[in-house]
Amino acid sequence: MLRLVKSMTGYGRGEGLGAGKKFTVEMKSVNHRFCEVVVRYPRGWAAIEDKVRSLVQSGVARGRIDVFINIEDTGEEAKGVKVDKGLALAYYNAMRELAGLLGQPLEFDWTQIARWPDVITLDQEEADLEQFWPYLAQAVNIALTNLVRMREQEGAKLVQDLEGKFSDCEHITNRIKERAHLVVEEYRQRLQQRVQQLLGEVPVDEARLAMEIALLAERAAIDEELVRLFSHYQEARLCLKAREPVGRKLDFLVQEMNREANTIGSKAGDLTISKLVVELKTEIEKIREQVQNLE
């Protein structure tokens, strides 16, 4: 069974046939912070734009979705052409004016006028939205279903990859946790050895030594950061099983993970932990890149 967490990338295609028309709809989606639907349709069909956009937005929450609509006639109704006489005359006058400015005779192939934009056009009636919408909506729904299916398939792959990366992060964080318990003890031993080297046979002030160790332990304590990191991992795993879009929430959690890792690196003061923090931040960055693809 496919997970409901979706990628924002996908493609879908659908067709609808009826009322003497064949409607072909193609959709492709890419990453975007919000839900942006761009509809491209044939000339004269502007009335369909809002209805198509609303239908697409009912099925996706985030991403830029480009919708391409192609409409073909399947009936045998007669077609005609119309000539925009005013526009043709305007073109002619403009050419004559230009020839005068250049001091050249006005010589050109009169059939060229027919190839100038919008002089000769198909004589089409305005599209009847109510008549054609059921068949266009069918094509849009099929394309949307296929788009969502592909986004779910891509989302399932991303979820699998992210689960592995969260496991890697937990493993590194556990190593940091294990090391953190040794840092204070190692510092105590180094400090005691140093003091004894300086004082020689003079007795060490154990109370003062304990105070210095306590101050270090307080400054270098990373227990709270570790607890929050493990909590973020748990919450992120719950997001991967959610039944609604989670891309924004995961993006926030990843930011918090990175913040905790930075704090640990600055507080620990231990070379081994610093190296582990670099490993952890590398994995978190990989997660961030993947999360950017989630709806």
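This is a walk through the structure in your viewer, one selection at a time.

**The whole chain**

Keep in mind that you are looking at a predicted model. Start with the cartoon view of the protein chain, where you'll find seven helices and six strands. Trace the chain from the N terminus and the elements come in the order β-β-β-α-β-β-α-β-α-α-α-α-α. Colour by accessibility if you like: of the 295 residues in the chain, 34% are buried. Switch on contacts, too. Counting those between residues at least 6 apart in sequence, 80% join residues at least 24 apart.

**The four-stranded sheet**

Now select strands S1, S2, S3 and S4. Together they make an open sheet, ordered S1-S2-S4-S3, with mixed pairing. Which strands sit at the edges? Those are S1 (10-18) and S3 (35-40), each of which pairs on one side only. Turn the view to look along the strands: neighbours in this sheet are rotated by 15° against each other on average, ignoring direction.

Go across the sheet pair by pair, starting at S1. S1 and S2 are antiparallel, with nine bridges between them. For a marker, pick Gly14, whose bridge partner in S2 is Val25. The two strands form a hairpin with two residues between them. Stop at Ala19 in that turn, where phi is positive at about 55°.

Next comes S2 against S4, antiparallel again, this time over 10 bridges. Here Lys21 has Asp73 in S4 as its bridge partner.

Finish with S3 and S4 (residues 63-73), a parallel pair joined by six bridges. Val37 is a handy one to click, as Ile65 is its bridge partner in S4.

Add helix H1 (residues 49-57) to the selection. H1 packs on the sheet, where it touches S2 (21-30), S3 and S4. The direction of H1 makes about 140° with that of S3.

**Zoom in on Asp73**

Centre on Asp73, which belongs to strand S4. Is Asp73 buried or partly exposed? Its relative accessibility is 32%, so Asp73 counts as partly exposed. Show side chains here: Asp73 and Lys21 are joined by a polar contact of 2.3 Å. Then draw a C-alpha distance from Asp73 to Gly20; the two are 5.9 Å apart in space but 53 residues apart in sequence.

**Two helices with a glycine after each**

Select helix H2 (residues 85-102). H2 has 18 residues, and its first and last C-alpha atoms are 26 Å apart, close to the 26 Å expected at 1.5 Å a residue. Step on to Gly103, which follows H2 and has a positive phi, near 65°.

Jump to helix H6 (residues 247-268) for a similar check. H6 has 22 residues and reaches 32 Å between its end C-alpha atoms, close to the 32 Å expected at 1.5 Å a residue. Just after H6 you come to Gly269, with a positive phi of about 65°. Colour the buried residues of H6, which include Leu250, Leu253, Val254, Met257 and Ile264. Two glutamates, Glu256 and Glu260, are among them as well.

**Glu225, facing H6**

What does Glu225 touch, leaving out residues up to four places away in sequence? Select Glu225 in helix H5 (residues 223-239), and its contacts turn out to be Glu260, Thr263, Ile264 and Lys267. Why does Glu225 count as buried? Because its relative accessible area is 5%, and the cut-off for buried is under 20%.

**The C-terminal stretch**

Follow helix H7 (271-291) to its end and pick Glu295 in the segment after it. Glu295 counts as buried, with 5% relative accessibility. Bring up its surroundings, leaving aside neighbours within four places in sequence: among the residues in contact with Glu295 are Lys6, Ser7 and Met8. Val60, Ala61 and Arg62 also touch Glu295, as do Arg151, Pro245, Val246 and Gly247. Of these, Gly247 is one of the buried residues of H6.

**Last stop: cysteines**

Select Cys35 and Cys169. Cys35 is partly exposed at 24% relative accessibility, while Cys169 is buried, with a relative accessible area of 0%. How many disulfides are there? The count comes to zero, where a disulfide would need a pair of cysteine sulfur atoms within 2.5 Å.

Definitions and conventions: Residues are numbered from 1 along each chain as its sequence is written. This is a predicted model: local features need pLDDT of at least 70, side-chain atom pairs count only at pLDDT 80 or more; totals for chains, interfaces and linings use all residues. Side-chain values use heavy atoms; hydrogens and water are left out. Buried means under 20% relative accessible area, exposed over 50%, partly exposed in between (1.4 Å probe, protein chains only). Contact means heavy atoms within 4.5 Å. The expected span of a helix is 1.5 Å times one less than its number of residues. Two strands pair if DSSP finds at least two bridges between them. Axes are lines fitted to C-alpha atoms, for helices over the stretch in contact, and angles run from 0 to 180 degrees between N-to-C directions. A polar contact is a pair of N or O atoms within 3.5 Å; within protein, one must be able to donate a hydrogen and the other to accept it, and residues adjacent in sequence count only if both atoms are side-chain atoms.
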